[in-house]
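Let's take a walk through this structure together, with the sequence at hand. We will begin at one residue in a loop and work our way to the sheets, a helix and the core.

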Amino acid sequence: MSNLILKDFIFPPLNNHNYLVLDPESKEAVLFDCSVPNDEVIKYVEEQGAILKMILLTHGHFDHVMGVNYFWEKHHIPTYVHENDLPLLQDINSYTHYASLGKVEIPKVDGTFNGNTVFKLGNHPIRIMETPGHTRGCCCFLMDDILISGDTLFMGTYGRTDLPTSSAEAMRQSLKRLFKELPDTTKVYPGHGHPTTIGAERGLYEVEK
Ligand SMILES: [Zn+2]
């Protein structure tokens, strides 16, 4: 059983999940995705007597990243994205029309990571699982039995593969890997919709074969 605390923040108008995972022992917290500027996340972290260490992005799509600059400017929280999604981030205005958004500020990140990068939350390793398919640099993050799945795996379905840098074949391989490597008890927290488990979604890949 994990002692990590997961808190889900959902903000209008995009209603993406921003997951804060907090380690009560070290009082460190990491935020996964940052959809809009807000003060609620920091307020919660401070109430817990904790420190927000960094923001990790599941991928570079605008609806997951538009609060990044605010967190840097106001609180100096660094943000990291997979190296393969950096070009998408920098090209953010070429696809915001999908959500009828005007021009948005390009999110500034402090660094990139890949599957070999080691991040920790207190004594808990944050395992980076590279899961390309929805975008080329899509990742899932595993801490204990908690999987932050971004737009790769949802309840009952998986992410779109018809967008720039998407690949249906890469998605198939990524899902295959998740189901192969993770036990049924793994809790899955997607970027949109309801949480689920690897066990409940295992049929997704079986159908695809
Ligand atoms: Zn996306």
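A good place to start is His76, which counts as exposed because it has 9 C-beta neighbours inside 10 Å, and a residue is called exposed at 12 or fewer. Keep in mind as you look that this is a predicted model. His76 sits in the loop between α2 (68–75) and β5. Its backbone deserves a glance too: His76 is not a glycine, yet its phi is positive, at about 55 degrees. For background, most residues other than glycine have a negative phi, and most peptide bonds are trans.

With that in mind, turn to the loop between β1 (5–10) and β2 (17–23), where Pro13 lies. The peptide bond that joins Pro12 and Pro13 is cis, with omega about 0 degrees. Asn15 is found in the loop between β1 and β2 as well, and phi of Asn15 is near 60 degrees, a positive value in a residue other than glycine. Is Asn15 buried or exposed? It is exposed, because 12 other C-beta atoms lie within 10 Å of Asn15.

Now for the strands. As a reminder, strands of a sheet pair through backbone hydrogen bonds, either parallel or antiparallel. Back at β5 (residues 79–82), you will find a parallel pairing with β4 (residues 51–56) over two bridges. Here Ile55 of β4 stands opposite Thr79 in β5. Strand β5 also runs parallel to β6 (residues 111–113), and three bridges join these two. In that pairing, Val81 stands opposite Thr112 in β6.

Further along the chain there is an open sheet of six strands with mixed pairing, in the order β7-β8-β9-β10-β13-β14. Which strands stand at the edges? They are β7 (119–121) and β14 (196–197); each has a single partner strand, so one side of each is left without a neighbour in the sheet. The partner of β7 that we can look at here is β8 (residues 124–130): the two run antiparallel and are joined by three bridges. Within this pair, Phe119 stands opposite Ile126 in β8.

Next comes helix α4, which covers residues 168–181. Its 14 residues reach 20 Å from the first C-alpha to the last, close to the 20 Å expected at 1.5 Å a residue. The buried residues of α4 are Met171, Ser174, Leu175, Leu178 and Phe179. Seen down the helix axis, the buried residues of α4 fall within an arc of 130 degrees, so they line one face of the helix. On the other side of α4, Glu169, Lys180 and Glu181 are exposed. Gln173 also lies in α4, and it is partly exposed, with 13 other C-beta atoms within 10 Å. The C-alpha atoms of Gln173 and Gly137 are separated by 14 Å, and these two residues are 36 residues apart along the chain.

Our last stop is the interior. In soluble globular proteins, nonpolar side chains tend to be buried together. The largest nonpolar core in this model has 47 residues, and those with the most contacts inside it are Val21, Val30, Leu31, Phe32, Ile55, Phe141 and Ile148. You have already met Ile55, which stands opposite Thr79 in β5. What is Val21 in contact with, leaving aside its neighbours within four places in sequence? The residues are Leu4, Leu6, Ala29, Val30, Phe32, Leu121, Met143 and Ile146.

Technical notes. Residues are numbered from 1 along each chain as its sequence is written. This is a predicted model: local features need pLDDT of at least 70, side-chain atom pairs count only at pLDDT 80 or more; totals for chains, interfaces and linings use all residues. Two strands pair if DSSP finds at least two bridges between them. Helices (H or I, at least four residues) and strands (E, at least two) are DSSP runs, numbered from the N terminus. The expected span of a helix is 1.5 Å times one less than its number of residues. A residue is buried if 20 or more other C-beta atoms lie within 10 Å of its own, exposed if 12 or fewer, and partly exposed in between; C-beta atoms are placed from the backbone. The arc is that of the directions from the helix axis to the C-beta atoms. A nonpolar core is a set of buried Ala, Val, Leu, Ile, Met, Phe, Trp, Tyr and Cys residues joined through C-beta atoms within 7 Å. Two residues are in contact if their C-beta atoms, placed from the backbone, lie within 7 Å.
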